[in-house]
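Trainee: Could you take me through one part of this model in detail? I'd like to start from a single residue and work outward from there.

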Amino acid sequence: MADAPIFLVGCQRSGTTMLRLVLDSHSRISCGPETRFLTDMERIVGRDWERLARFGFEREDWLRRIADFFGGIHSDYASGRGKARWADKTPLYALAIPFVTEVFPDAQIVHVIRDGRDVVVSHRKRFGYWSAVKCVVKWPRYIHTARAAGRALAPERYHELRYEDAVREPEKSLRGLFEFLGEPWEPEVLEYSDKQHDVAQKYTTEADRRRAAARTDAQIYGSRVGTYRRELDPFLRLLVWVFSRRTLRELGYR
């Protein structure tokens, strides 16, 4: 599966941006900006199918055309950067893994999982309080949906990566990731900010601010693990307990 597409998914604020930059730092892998629109194309063979089927083309033909279009964008972008393989980091696709793997039957899915309590805190900091309130329901939905889809895939096609492992033992965790992907280990991926990436300035600014707050020059660090202990207010704690505690326990978070 050395040339298979890679899809990096997970609930927003789970560390997918960091992992995107890690992948994009590999000499063979290109992981560009979020696409987000692949799920819109699912309507073609979903709720719009009865109408579009009147064109007379088989559903498989529509799927092939979607793959040619979507994959072609990524392939051209990757080859233009001297990369042999493409990856897509779009957290939203965690809710659409069956469609993603129908369009790309050889795709490998990397599901990033982070403690939901820290995800709630991160939503509040990044998107505001109401987003944090909604996150106590959103986070379990993303986890359950993606894991259910992952169970239907072969082991070589679905991989779960814990955010906490990635930041506490980055080399060990990321070696496992690249082994899953069938790619050679390159230590340079740990120094991803030394390379050029097509990311919005807001991400670079946020990363610099967080490193300054953590008082570290390291590009991968674990100071944000467990922030909920000091930053989750009583109301959000209650909501997490009501809506997220079962999923937290299933994942081994205590």
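Mentor: Sure. Let's start at tryptophan 86, which is buried in this predicted model, with a relative accessible area of 8%. Tryptophan 86 sits in strand E3, residues 85–89, and that strand is mostly covered, with five of its five residues buried. Neither face is left open: Arg85, Ala87 and Lys89 are buried on one side, and Trp86 and Asp88 are buried on the other.

Now for the strands beside it. E3 pairs with strand E1 (residues 6–9) in the parallel sense, over three bridges. One contact to pick out there is phenylalanine 7, whose bridge partner in E3 is aspartate 88. Strand E2 (residues 29–31) also runs parallel to E3, and three bridges join the two. In that pairing, cysteine 31 has alanine 87 as its bridge partner in E3.

Back to the tryptophan ring and its aromatic neighbours. The model has eleven aromatic pairs by the ring-centre rule. In one of them, the ring centres of phenylalanine 70 and tryptophan 86 are 6.1 Å apart with the planes at 70°; edge-to-face means over 60 degrees, so this pair qualifies. The two residues are 16 apart along the chain, with phenylalanine 70 coming from helix H4 (residues 59–80) and tryptophan 86 from E3, so the pair links distant parts of the chain. Phenylalanine 70 is buried too, with a relative accessible area of 1%.

Tryptophan 86 has another ring partner, phenylalanine 104. Their centres are 5.5 Å apart and their planes are at 75°, so this pair is edge-to-face as well. Phenylalanine 104 is in the loop between helix H5 (97–103) and strand E4 (108–113), so its pairing with tryptophan 86 in E3 ties together parts that are 18 residues apart in sequence. Phenylalanine 104 is buried, at a relative accessible area of 7%. Step back and these rings belong to one aromatic cluster, made up of Phe7, Phe37, Phe69, Phe70, Trp86, Tyr93 and Phe104.

Two of those names lead on to the nonpolar core. Phe7 and Phe104 are among the residues with the most contacts inside the largest nonpolar core, along with Leu38, Ile109, Val120 and Trp139, and that core has 47 residues. The elements giving two or more residues to this core are E1, H2, H4, H5, E4, H6, helix H7 (129–151) and helix H12 (234–243). H7 gives the most, with nine residues. As background, nonpolar side chains tend to be buried together in soluble globular proteins.

H6 is worth a quick geometry check. Helix H6 covers residues 116–127, and at 1.5 Å a residue its twelve residues should span 16 Å; the end C-alpha atoms are 16 Å apart, which agrees. Its buried residues include Val119, Val120 and Val121, but also Arg117, Asp118 and His123. Just after H6, glycine 128 takes a positive phi of about 110°.

Next, the cysteines, since cysteine 31 came up in the strand pairing. The disulfide count is zero. Cysteine 31 is in no disulfide, and its nearest cysteine sulfur, that of cysteine 11, is 18 Å away. Cysteine 31 is also buried, with a relative accessible area of 0%. For cysteine 135, the closest cysteine sulfur is again in cysteine 11, at 4.8 Å; a disulfide needs the sulfur atoms within 2.5 Å, so that is too far for a bond. Cysteine 135 counts as buried at 0% relative accessibility.

If you're checking backbone angles, look at the loops that follow the two partner strands. Arginine 13, in the loop between E1 and helix H1 (16–24), has a phi near 70°, a positive value in a residue other than glycine. At 16% relative accessibility, arginine 13 counts as buried. Arginine 36, in the loop between E2 and helix H2 (38–41), also has a positive phi, of about 70°, although it is not a glycine.

Finally, two more arginines to look at, this time for their placement over rings. Arginine 65 lies over the face of phenylalanine 57, at 5.1 Å from the ring centre. The charged end of arginine 245 sits over the ring of tryptophan 241, 4.0 Å from its centre.

Conventions. Residues numbered from 1 in each chain as written. Predicted model: local features only at pLDDT ≥ 70, side-chain atom pairs only at ≥ 80, totals over all residues. Heavy atoms only, no water. Phe/Tyr/Trp six-rings, centres within 6.5 Å; stacked < 30°, edge-to-face > 60°. Helix = DSSP H or I, 4+ residues; strand = E, 2+ residues; numbered from the N terminus. Buried < 20%, exposed > 50% of the residue type's maximum accessible area, 1.4 Å probe, protein only. Lys NZ or Arg CZ within 6 Å of the ring centre and 35° of its normal. Pairing = 2+ DSSP bridges. Expected span 1.5 Å × (residues − 1). Core = buried A, V, L, I, M, F, W, Y, C linked by side-chain atoms within 4.5 Å.
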